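The following exercises concern strand pairing, burial and helix packing. Please examine the structure shown below before reading the solutions.

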Amino acid sequence: MSAARSELREREAPEAGPPGASEADPGHAQALLYANDMAQLYGRLRREARRLEELEGRLDELSRAALGLLDAPSLESAADGLARALAPALDAEAVVVLVRQGARLAPLAREGLEAAPAPLALDALASLAGGLEARADDPWAQAVGGPAVCLPLPGRGGRPIGAVVARGAHPGEAARRPLELFARFAGVLLQGHLLDEARLDARRPDPGAATVELVGQSGAVRQVERVVAQLAPTGLPVLVLGETGTGKELVARALHAASGRRGPFVAVNCGAIPEALVESELFGHEAGAFTGASRRHKGKVELAQGGTLFLDEVGELPRPAQAKLLRFLEDGRFSPVGGEAERTADVRVVAATNRDLEAVAATGEFRADLLYRLDVLRVELPPLRARGRDALVLAGHFAARAAARQGRPAPGFTPGAEAALLAHPWPGNVRELRNVIERAVILSEGGPLDEGLLPRRAGPLGLPAAAAPAGAPASP
C-alpha cells in the first residue's frame with residue numbers, strides 16, 4: 001500500500017509531459033491503489049488458505065490421536081498415547097507427560113528420552129500460564145534436558161492436572177489453537193483415569209497396611225526381615241534365591257506389602273506355562289493374533305499395573321520371552337502378541353529361582369543381560385536345616401492353622417516329636433514341613449502330636465512305619 005501511495009505522490013508532482021497527461025494521472029494512480037489493495041488481499045487470502053490447510057492437517061492428526069486415547073485402558077497407556085501423538089504435532093525432539101499424583105507430578109510417559117525424569121513438585125503447575133509457554137531454566141526444562149515448550153493439561157474446571165513438556169518444539173502458529181483444544185480433551189480424559197483409579201483404591205484394601213509374617217526366631221530369619229525392609233520401598237527389581245520350599249513367594253509378598261504399592265500382587269509360575277503360551281500369558285495378545293485368539297487378552301504384566309509381578313522359576317523362561325522381559329525391565333514398555341502399538345506399565349518385578357542362574361547364563365540358556373537386570377537387589381533364603389529351632393516354631397504355626405480349619409484346638413508336640421522335627425533334614429524345606437504337619441493333624445486323634453506321625457527313617461512323609469505301604473521309599 002505504501003509503495004502505491006509513493007508512486008501516486010510521484011505522479012502527482014509537476015513534471016514535463018505531453019499535453020493532457022496531467023489530466024490522466026489521477027485516475028491512473030487510483031487504479032494503482034486499487035490494484036495494490038487487491039494484491040495484498042490476495043496475499044492474505046493465500047496465507048490464510050495455507051494456514052487453514054495446515055490447521056486441517058493438524059486437526060485431522062489430533063482427531064485420530066484423540067480416538068486412540070479414548071481406547072486406552074489405563075492412565076499409563078493414555079499418557080503413553082498422548083506422548084506419541086504430541087511428539088510429531090509439536091515437532092519436538094523429546095516429550096514427557098507429567099500428571100498430578102498425590103503430592104507430586106509423576107512422569108508417566110516419554111518419547112525421545114532414554115530415562116524418565118525425576119518427579120516434579122506440584123508448585124511447578126503454578127508457573128504455567130494458559131496456552132503454549134516457552135521455558136528456559138526451570139524444572140520443566142530440566143525434565144527434558146533443555147529449553148522446552150509446556151502445554152498445560154487442564155482438567156475439569158480448567159485447573160491443570162499436569163503438562164506436556166517438549167524439548168526443541170516448533171509447533172507453529174497454526175497449531176496453537178488445535179493443540180490447546182486437544183490438551184483440554186486429553187486433560188479431562190487423564191483426569192477420568194485418575195478418578196477411576198481413586199475409586200478402585202477406595203474399594204481395595206491397602207496392601208501397605210498389611211503385613212506378611214516371616215515365621216521364625218532364628219538370626220537368619222531376622223536378617224531376611226531386615227533386608228526386605230531395606231529393599232521394599234526402592235521399587236527396583238529383586239531376585240529371591242533359595243532351595244525349593246524355602247518360602248520365596250512369601251518373601252515376594254512381604255516385599256510387596258512393605259512397598260506401599262497400591263496395585264495387585266500377581267504371581268506367575270514360569271515353569272508351569274507351555275512354551276508356546278509364555279509370551280501371551282505375560283504380555284497379553286490382540287484379537288486374531290493366533291488361532292483361537294478371538295478377543296484381546298490382558299497379560300500378567302498389564303494385570304499387575306501399579307503393583308508387583310512375581311516371576312517364580314524365572315530360570316525356566318524360554319529365550320524369546322526373556323528378550324521381551326528384558327525390554328520391559330529397561331523402559332517399562334511391552335507389546336502384546338499380534339499388536340503393533342507399544343504399551344507401558346508401572347510394575348515392580350520380583351523374580352525367584354532355585355537354580356544357579358550364573359551357571360545357566362554361562363551355557364547360553366539364560367540371557368546374561370537379563371540376569372543383570374533381575375539381580376539388581378538380592379534376597380537369599382536359608383534352608384530350613386540351617387535355621388536351628390525354627391522347625392519347632394513353624395511346626396506349631398502350621399499345626400494351629402490346620403487344627404483351626406477342623407474346629408480343633410491347637411495341638412502340642414511330645415518331646416519325641418520335637419526331637420524328630422529337629423533331627424529331620426527337611427530337603428523340601430518349609431513346604432515339606434507344612435505338608436507333614438497338616439497330615440499329622442488330620443491323622444491325629446487329639447492330644448499332642450507324637451513322633452509316630454512325623455517323618456522317620458523307616459517311614460515316608462509323616463506316616464508311621466507300620467502304616468507305610470509296601471515298596472514305599474524310605475523317608476530321608
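**Exercise 1: An edge of the sheet**

In strand 13, R378 is the bridge partner of L239. The model examined here is a predicted one.

Task: Determine in which sense strand 7 and strand 13 pair, and over how many bridges.

Solution. Strand 7 (residues 238–241) and strand 13 (residues 377–380) are joined by four bridges. The sense of this pairing is parallel. Next, consider the side chains of strand 13, which alternate along the strand. L377 and V379 are directed to one face and are buried; R378 and E380 point to the other face and are not buried.

**Exercise 2: Strand order**

Task: State the order of the strands in the open sheet of five strands, and identify which strands stand at the edges.

Solution. The order is 8-9-12-7-13, with parallel pairing. Strand 8 and strand 13 each have a single partner strand, so one side of each lacks a neighbour in the sheet; these two therefore stand at the edges. From one strand to the next, the twist averages 20°. Helix 7 (residues 248–259) packs on this sheet and touches strand 7, strand 8, strand 9, strand 12 and strand 13. The direction of helix 7 makes about 165° with that of strand 12.

**Exercise 3: Strand 9 and its neighbours**

Task: Establish how many residues of strand 9 are buried, and which strands pair with strand 9.

Solution. Begin with burial, for which the cut-off is under 20% relative accessible area. Five of the five residues of strand 9 (residues 308–312) are buried, so the strand is largely enclosed by the rest of the structure. Both faces are covered, with T308, F310 and D312 on one side and L309 and L311 on the other.

Turn then to the pairing. Strand 8 (residues 265–269) pairs with strand 9 in the parallel sense over five bridges, and F265 has T308 as its bridge partner. Strand 12 (residues 348–353) also pairs with strand 9 in the parallel sense, over four bridges; here L311 stands opposite A351.

**Exercise 4: A helix pair**

Task: Describe how helix 13 and helix 15 cross, and which residues meet.

Solution. The axes of helix 13 (residues 390–405) and helix 15 (residues 429–443) come within 9 Å and cross at roughly 45°. Helix 13 is therefore oblique to helix 15. The crossing is right-handed. Among the residues that meet are L394, F398 and R401 in helix 13 and L433, I437 and E438 in helix 15. The residues of this contact divide into 11 nonpolar, no polar and four charged.

Notes. Residues are numbered from 1 along each chain as its sequence is written. This is a predicted model: local features need pLDDT of at least 70, side-chain atom pairs count only at pLDDT 80 or more; totals for chains, interfaces and linings use all residues. Side-chain values use heavy atoms; hydrogens and water are left out. Axes are lines fitted to C-alpha atoms, for helices over the stretch in contact, and angles run from 0 to 180 degrees between N-to-C directions. Angles under 35 degrees count as roughly parallel, over 145 as roughly antiparallel, 65 to 115 as roughly perpendicular and the rest as oblique. A crossing is left-handed if the near helix is turned anticlockwise from the far one by less than a right angle, and right-handed if clockwise. Contact means heavy atoms within 4.5 Å. Ala, Val, Leu, Ile, Met, Phe, Trp, Tyr, Cys and Pro count as nonpolar, Asp, Glu, Lys and Arg as charged, and the others, Gly among them, as polar. Buried means under 20% relative accessible area, exposed over 50%, partly exposed in between (1.4 Å probe, protein chains only). Two strands pair if DSSP finds at least two bridges between them.
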